[in-house]
Amino acid sequence: MRAAIIGAGVIGLSWAELFREAGWDVAIYDPADSPLPHGLADARVETLEDAVRGADLVQENGPERLDVKRELLAAIAASAGDGAIIASSTSSLLPSLLAEGNPRAAQIVVGHPYNPPRVMPLVEIVPGPLTDPAVVDRVERIYRSLGRVPVALNAEIPGFVGNRVQKAVLDEAQWLVQQGIVDAGAFDTIVRESLGLRWASIGVFEASHLGGGPGGIRHLMEHVGAALDDIELQRPSRDPAALAAVADDVEARYGTADSYAARAARRDRITTAVREAVHAQSATPVLYGLDIARGCVVRIDTADGGVRELVSGLGEAPDGLVVDEDGGRIVFTLMGEPDAEPVGGGEPAFTRRNGSLQWIGLGGGEPGVLVSRGSFTTGKQLARDAGTGRLYWSDREGRGLYRCEADGSGLTRLLDTTGTGPSEVEEWCVGIAVDPAAGQLYWTQKGGAKAGQGRIRRAPLAMTGDAVIDPASVETLWEGLPEPIDLVIDGEAGMLYWTDRGAGPDGNSLNRAPIPAEGERGARPVVLSRGYHEAIGLALDTAAHRAYVSDLSGAIREVELATGRERTVAVLDGSATGLALLREN
């Protein structure tokens, strides 16, 4: 995928960084020859035509003047392909005016970010009367894949939505200060400590609905609405002296240009912290899972158990997956084609080297190849370092551990376990977990089926650079386990969780144990849940203190970690393998 960024100001460069982080090819054109940031210097092209040619999306970020933007959009239209999306970052100009007379009006849409775009997630999508609805759908999916929160308006309106609300509040604020009713600092305190908190957490309508008590917004309209209607809102004086007085008050309270950088950094820190806190408290856990029997990736609503198929027909045994929220995608391993059809209901062998890594968008779609088929033997559990985007996975029959970069490059075999165990199956690597903070990689070697030969092992590993695992540094933390499969680390709590598909009494279970100190063996694990039918996948919701476990019967079970209470969330039609959790608002 290729993005053309036209205009390299603050907004344009922010878009460029977001697209590049999501794995897009980026071309940047700006008539000014100002130097680009180091990480984007290679994206500069000499002409607008060079940038636009072959682009899937063009993001225009020129000056906020209708004549300039129309000229830019005309030049873009002359070089853009028939399938390209042409999006303008304008904060106020109507798309109907921008696209007037443009032969590609059906491809033009407003994609209005909020500043700074890397901190503020909202993008207002505003179609014009001639915008193709399919363009709106496509650009919404693209922005979401960049980690943005796109909202498509039903129709254009001056100022869109956010700026209209901002203007209404700012007009009243200036009038109140001009009347001497309150100063700028006191007004901000009133909003910040009341409405600001409510609106940041739940929005205007939900806050009003709650403000009406059990009767909701209807009660509010009937019993408070009349009183509110008696309040006559005002417009501030546009007299230069009156406006200057408001500006003097604001500058006296908050400073001038010399303190801008520090104030902006403080704003961004607070905004990020508020959003993270709200997200943690309000997000709903959603599971993504794999059905190995039917070759499906599914989305599972943990509240009602609803299952939505995102892709099907994956014929090469999908096994492990991670959610890359920043990239708006799901990445999964494929074990490859088995050597032969299973006999007597048993599991087939996968000794041929035909494993791969693929991905789909969070909303589904056709799979893309990240690591090509045949790059390893049998892909099992997959883990991701959120800080670097690097991916780690186990290769069972290939007897090893692998790593690649977020874009699939830099494929590296980190460890070869061939010849290190009493038997070949005791060298099979299955589960994997990465602890970036400690610089440690954990994995399971399951041993023979129901044989009690399972081990959990650990080794130090630099999280950046080209380092591989020194075989001499490998520690065996647990051995003689029934048959450990997938692993998850809770780094803050210092705990390791794993599934086990071995024989009873402690097999087919969910287990937990403290992470041992360097050089120490692991303590006896606590069995949190039992009775699975070949337990495989594991996802941990640390915010809600719950774990989710999948098994080959297709069942996905929720386990409360504090009480041990369980419930079946959903049952897939086939056999469930890998699980991953995402908290969505």
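The side chains of Arg-512 and Tyr-497 are joined by a polar contact of 3.4 Å in this predicted model. Arg-512 belongs to strand E25, which spans residues 509–514. Beyond its neighbours within four places in sequence, Arg-512 contacts seven residues by name: Met-495, Leu-496, Tyr-497, Pro-525, Val-526, Leu-528 and Leu-561. Tyr-497 thus appears both in this contact list and as the partner in the polar contact. Ile-489 lies 23 residues from Arg-512 along the chain. The C-alpha atoms of this pair are separated by 9.7 Å.

Pro-285 was examined next. This residue sits in strand E8, residues 284–291. Its relative accessible area is 15%; the cut-off for a buried residue is under 20%, so Pro-285 counts as buried. Residues up to four places away in sequence aside, Pro-285 touches Thr-302, Asp-541, Tyr-548, Leu-581, Leu-582 and Arg-583. Asp-301 is 16 residues from Pro-285 in sequence. From C-alpha to C-alpha, Pro-285 and Asp-301 are 7.6 Å apart.

Strand E15 covers residues 379–384. Five of its six residues are buried, so the strand is largely enclosed by the rest of the structure. E15 pairs with strand E16, residues 391–395, through four bridges. The two strands run antiparallel. Within this pairing, Leu-382 has Trp-393 of E16 as its bridge partner. E15 and E16 form a hairpin, with six residues between them. Gly-389 lies in the turn and has a positive phi of about 80°.

Nonpolar side chains tend to be buried together in soluble globular proteins. In the present model, the largest nonpolar core has 26 residues. Those with the most contacts inside this core are Trp-15, Phe-19, Ile-28, Val-109 and Tyr-143. Several elements each supply at least two residues of the core. The strands are E1 (2–6), E2 (25–29), E4 (85–88) and E6 (122–127). The helices are H1 (10–21) and H5 (133–145).

Tyr-143 illustrates the contacts of one core residue. Not counting residues up to four places away in sequence, Tyr-143 touches Trp-15, Gln-59, Ala-87, Gly-111, Val-123, Ile-125, Arg-148 and Pro-150. Trp-15, among these partners, is also listed with Tyr-143 among the residues with the most contacts inside the core. A second core of 25 residues is separate from the largest one. Its members include Leu-48, Ala-84, Ala-105 and Phe-160.

Technical notes:
Residues numbered from 1 in each chain as written. Predicted model: local features only at pLDDT ≥ 70, side-chain atom pairs only at ≥ 80, totals over all residues. Heavy atoms only, no water. Contact = heavy atoms within 4.5 Å. Polar contact = N/O pair within 3.5 Å; in protein donor to acceptor, adjacent residues only side chain to side chain. Buried < 20%, exposed > 50% of the residue type's maximum accessible area, 1.4 Å probe, protein only. Pairing = 2+ DSSP bridges. Core = buried A, V, L, I, M, F, W, Y, C linked by side-chain atoms within 4.5 Å.
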